Amino acid sequence: MDPPPIAFSLVAAGFEGVSLEQSVREEKTLMPTPEHMLAPAPKKTMGRGRKAGLVGGGIFLGLIIIGAAAGGGDEVPAAAPVAAATTTATTAAAVPEATTEPVVEATAEPAVEETTEAVAEPTTEPTEELTVAQENAVEKAADYLSFSAFSRSGLIKQLKFEGFSTKDATFGVDAQKADWSEQATKKAADYLDTSAFSRSGLIKQLKFEGFSTKHATTGVDAQKADWNEQAAQKAADYLDTSSFSRSGLIQQLKFEGFTTKQATYGVKKAGL
């Protein structure tokens with residue numbers, strides 16, 4: 001047989017990591033011995049000398065190939081550098097590159113310009129032209145308030161009594177811009193100047209004049225009156241015009257709105 005299969009097996013053994021000596025031993029073991037070789041075809045007979053020469057030449061050629069393979073056994077397989085390069089590249093890739101964050105430049109905020117709003121000038125509404133009746137109602141209401149105190153509703157009634165329409169009378173009264181609490185105070189003082197009253201009696205009188213309960217109460221309390229003295233004065237007035245028993249006069253004063261204590265005080269001071 002030809003020796004090339006021996007060489008191929010030896011080379012392959014070098015790539016598989018098997019020692020060269022072991023490969024040679026295995027190849028020698030696997031090589032057919034002369035006694036096991038097949039007999040040549042009958043047509044071509046070969047002498048023993050020729051056969052021995054061929055076997056010796058094959059062994060010689062195998063030794064040459066084994067020497068060549070042994071000389072190149074120290075070399076690193078071609079695949080090793082690729083793996084090393086791959087490992088190096090992977091290691092290099094694993095190292096993160098230092099990244100520098102972009103520096104954000106501080107931007108100055110735009111200055112806000114102070115804007116002054118234009119102040120709107122007050123506009124005067126055009127005055128409505130009054131009718132003759134309205135002008136007269138305004139003048140008449142002012143005349144009444146100049147010498148007497150009135151409630152709003154009482155003054156409107158007075159102007160209506162003078163012949164003004166409700167609309168014109170109301171217009172004339174409202175044009176006065178009067179303080180009706182102050183008017184109630186004046187009216188209460190007028191009543192106390194001419195007659196004696198209990199607190200509740202005077203409030204009722206102001207309400208009769210058209211003042212609200214609030215305005216009437218404010219006006220009466222503003223007098224700071226001594227209601228005991230008012231009861232005594234009222235008892236004297238009754239005795240000046242008529243005869244009364246003590247208990248009868250007390251009852252009359254209570255009817256006027258005085259308390260029992262105030263009425264008793266007034267009757268006693270009047271001499272009963």
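A residue is called buried here when its relative accessible area is under 20%. By this cut-off, buried residues make up 22% of the 272 residues in the protein, which is described here from a predicted model. The secondary structure comes to 13 helices and 0 strands, so a walk along the sequence meets one α element after another, in the pattern α-α-α-α-α-α-α-α-α-α-α-α-α. Among contacts between residues at least 6 apart in sequence, 57% join residues at least 24 apart.

A good place to begin is helix α9, which covers residues 199-208. Its buried residues are G201, L202, I203 and L206. An α-helix has 3.6 residues a turn, so residues three or four places apart point the same way. The cover over the buried residues of α9 includes helix α8 and helix α10, the latter spanning residues 213-221. Just after α9 comes G210, which takes a positive phi of about 110°.

How do α8 and α9 meet? Their axes come within 10 Å and cross at roughly 120°. The two helices are therefore oblique to each other, and their crossing is right-handed. On the α8 side the contact is made by A184, K187, A188, Y191 and L192, while α9 brings L202, Q205 and L206. Sorted by class, the residues of this contact divide into 6 nonpolar, 1 polar and 1 charged. Two of the residues that α9 brings to this contact, L202 and L206, also appear in the list of its buried residues.

Helix α8 itself runs over residues 180-194, and Q183 lies within it. Is Q183 buried or exposed? With a relative accessible area of 8%, Q183 is buried, because this value is under the 20% cut-off. Leaving aside neighbours within four places in sequence, Q183 is in contact with L145, S148, A149, F150 and F211. For F150 there is a further detail: its backbone nitrogen lies 3.1 Å from a polar atom of the Q183 side chain.

Attention now turns to an earlier part of the chain, and to helix α6, residues 152-161. Which residues of α6 are buried? They are G154, L155, I156 and L159. The cover over these buried residues includes α5 and α7. After α6 comes G163, whose phi is positive, near 110°.

Helices α5 and α7, which help to cover α6, also pack against each other. Helix α5 takes in residues 132-147 and helix α7 residues 166-174; their axes are 8 Å apart and the packing angle is about 50°. That angle makes α5 oblique to α7. In passing α7, helix α5 makes a right-handed crossing. The residues that build the contact are A133, Q134, A137, V138 and A141 of α5, together with D168, F171, G172 and V173 of α7. By class, this contact has 6 nonpolar, 2 polar and 1 charged residues.

The two helix pairs can be set side by side. The axes of α5 and α7 are 8 Å apart, and those of α8 and α9 come within 10 Å. The crossing of α5 with α7 is right-handed, and so is that of α8 with α9. The α5 contact with α7 has 6 nonpolar residues, and the α8 contact with α9 likewise has 6.

Technical notes: Residues numbered from 1 in each chain as written. Predicted model: local features only at pLDDT ≥ 70, side-chain atom pairs only at ≥ 80, totals over all residues. Heavy atoms only, no water. Helix = DSSP H or I, 4+ residues; strand = E, 2+ residues; numbered from the N terminus. Buried < 20%, exposed > 50% of the residue type's maximum accessible area, 1.4 Å probe, protein only. Polar contact = N/O pair within 3.5 Å; in protein donor to acceptor, adjacent residues only side chain to side chain. Contact = heavy atoms within 4.5 Å. Axes fitted to C-alpha atoms, helices over the stretch in contact; angles between N-to-C directions. Parallel < 35°, antiparallel > 145°, perpendicular 65-115°, else oblique. Left-handed = near helix turned anticlockwise from the far one by under 90°. Nonpolar A, V, L, I, M, F, W, Y, C, P; charged D, E, K, R; others polar.
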